[in-house]
Every structure is written in C-alpha cells, then in structure tokens.
Amino acid sequence: MIAINRKLVRALWFTPWLEPAFFAGLEQKDHEEIARPLSDRPGGVLTRHRSGPWAPPQVPDLIGVATRKYLDHSGLQQNRTSVDVMRYAALNQGGDALSNFGGFVPISELMGPKPDPNAGERYSDEQLFALAQYVESLKPPLNPNPFNSTAAAGKTVFEREGC
C-alpha cells in the first residue's frame with residue numbers, strides 16, 4: 001500500500017473552485033479513497049499542482065511556439081517576440097509559491113509561513129534569452145509514416161471532400 005501524505009495532497013491539489021467535496025474530511029479518508037481519482041491517470045503522468053485528477057492540465061506543445069500568437073490557452077499571454085517568451089517563463093517561475101486562496105496558502109502546508117516574494121531567485125536575463133531561443137528553435141520531428149499508395153488514396157478523398 002502506498003502511504004499518502006495528506007498535507008501534500010492538500011497543498012498540491014487544493015483549488016476552492018474544483019472538487020471542494022474531495023477535501024471535506026480529507027483527514028478521515030482512507031488511502032484508497034484518496035487515490036481513487038488517480039485510477040484513470042495513465043502511468044508516468046503527474047498531476048500538476050493546482051489541478052488534480054479531476055482537472056488534468058493541458059501540456060503545451062512547444063514545437064512551433066515562435067509562430068503562435070499566444071503562449072497559452074487563455075489567450076492572455078501574447079507571443080510577439082522572444083521577449084514575451086522570456087517574460088512568460090519568468091512569470092511562471094516560482095509563482096505558485098505565492099498562491100493564496102482566501103487565507104489558505106498551499107506552500108505553507110509543506111514549508112511553513114509564506115515566503116517573501118522578494119527573497120526568491122529568478123532566472124537571469126541571459127538564461128531566459130537562451131531558453132526562449134531554444135524553445136523557438138524546436139522543429140517538428142520527421143513523419144515516421146511514409147507517403148505511400150494508401151496515403152495517396154487518403155489525400156485524394158481528403159481533397160475531394162473539401163477537407
């Protein structure tokens with residue numbers, strides 16, 4: 001049986017707007033009841049903090065990011081130049097440590113009082129620039145499927161149907 005750290009579960013998954021019933025009586029729930037929401041999760045997939053098994057995050061595909069208008073699904077983070085990629089990385093670095101949900105500070109569940117936002121480290125401008133340059137240089141892998149007679153027939157149908 002896997003030991004479940006209830007403080008860790010609460011700190012990582014707690015979101016007052018999603019599944020608040022899951023957290024009611026968390027201390028009294030047995031391990032199976034806590035782990036049950038994870039039963040459909042594919043092996044090797046982690047549940048990101050501030051999500052949960054009931055709200056899996058969408059993992060961005062970084063290939064082709066240089067040609068996208070926005071950096072995330074919200075449409076709030078414009079992508080005009082490498083500077084926007086740098087800013088987005090900087091804003092997302094350690095920001096979760098500053099979360100506060102009506103007085104519930106998830107990081108304090110694990111580490112004590114909320115950290116001083118001015119005391120944290122951040123990536124240097126050089127590191128952010130290198131990260132942006134790398135991410136923007138990613139190219140899609142070659143298609144492993146050869147363009148054969150089956151693919152050609154499919155292309156004909158696709159074009160004939162106006163897809």
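Contact here means heavy atoms within 4.5 Å. The exercises below concern a predicted model, and each task is followed by its worked solution.

**Exercise 1. The chain as a whole**

Determine which secondary structure elements the chain contains, what share of its residues is buried, and how much of its contact list joins residues 24 or more positions apart.

Solution. Begin with the secondary structure: the chain has seven helices and zero strands, and reading along the sequence gives the pattern α-α-α-α-α-α-α. Next, take burial, for which the cut-off is a relative accessible area under 20%; of the 163 residues in the chain, 21% are buried. Then turn to the contacts with a separation of 6 or more, of which 53% are between residues 24 or more positions apart. Finally, consider the surface, where the accessible area of the chain is about 11900 Å² and carbon and sulfur atoms contribute 58% of that area.

**Exercise 2. The nonpolar cores**

Identify the residues that make up the largest nonpolar core, and state which helices each supply at least two of them.

Solution. The largest nonpolar core consists of ten residues, namely Ile4, Val9, Trp13, Phe14, Phe22, Phe23, Leu26, Ile34, Phe101 and Phe104. At least two residues of this core come from helix 1 (6-13), and at least two come from helix 2 (20-23). A second core, separate from this one, has eight residues, among them Val65, Met86, Ala89 and Val135. To follow one member of the largest core in detail, take phenylalanine 14: once its neighbours within four places in sequence are set aside, its contacts are Val9, Phe23, Arg50, Phe101 and Phe104.

**Exercise 3. The two sides of helix 6**

Check whether the length of helix 6 agrees with its number of residues, and then work out how its buried and exposed residues are arranged.

Solution. Helix 6 covers residues 125-137, and its 13 residues should span 18 Å at 1.5 Å a residue; the C-alpha atoms at its ends are 18 Å apart, in agreement with that expectation. The buried residues of the helix are Leu128, Ala132, Val135 and Glu136. Viewed down the axis of helix 6, these buried residues fall within an arc of 95°, and therefore they line one face of the helix. That buried set packs against helix 4, whereas the face turned away from the buried side carries the exposed residues Glu126 and Tyr134.

**Exercise 4. A network of charged side chains**

Trace the salt bridges that link Arg80, Asp84 and Arg87, and classify each of these residues as buried, partly exposed or exposed.

Solution. As background, side chains of opposite charge can pair when their charged atoms come close. A search of the whole structure finds five salt bridges. In one of them, arginine 80 meets aspartate 84 through their side chains, with an N to O distance of 3.0 Å. Aspartate 84 also forms a salt bridge with arginine 87, where the closest N and O atoms are 2.6 Å apart. Arg80, Asp84 and Arg87 are thus linked in a network of salt bridges.

As to position, aspartate 84 and arginine 87 both belong to helix 4, three residues apart, which is about one turn of the helix, while arginine 80 lies in the loop between helix 3 and helix 4. For the classification, aspartate 84 counts as buried because its relative accessibility is 6%, arginine 87 is partly exposed at 41%, and arginine 80 is exposed at 59%.

**Exercise 5. Other arginines and pairs across the sequence**

Describe the salt bridge of arginine 160, and compare separation in sequence with separation in space for the pairs arginine 36 and proline 53, and arginine 80 and lysine 69.

Solution. Arginine 160 forms its salt bridge with glutamate 161, the closest N and O atoms being 3.3 Å apart. Arginine 160 is exposed with a relative accessible area of 59%, and glutamate 161 is exposed with 51%. Arginine 36 is found in the loop between helix 3 (31-35) and helix 4 (82-92), and it counts as exposed because its relative accessibility is 52%. Between arginine 36 and proline 53 there is a separation of 17 residues in sequence and of 9.2 Å in space, C-alpha to C-alpha. For arginine 80 and lysine 69, the separation is eleven residues in sequence and 6.8 Å in space, again C-alpha to C-alpha.

Conventions
Residues numbered from 1 in each chain as written. Predicted model: local features only at pLDDT ≥ 70, side-chain atom pairs only at ≥ 80, totals over all residues. Heavy atoms only, no water. Core = buried A, V, L, I, M, F, W, Y, C linked by side-chain atoms within 4.5 Å. Buried < 20%, exposed > 50% of the residue type's maximum accessible area, 1.4 Å probe, protein only. Helix = DSSP H or I, 4+ residues; strand = E, 2+ residues; numbered from the N terminus. Expected span 1.5 Å × (residues − 1). Arc of directions from axis to C-beta. Salt bridge = Lys/Arg side-chain N within 4 Å of Asp/Glu carboxyl O. Areas by Shrake-Rupley, 256 points an atom, 1.4 Å probe, with all protein chains shown as cover.
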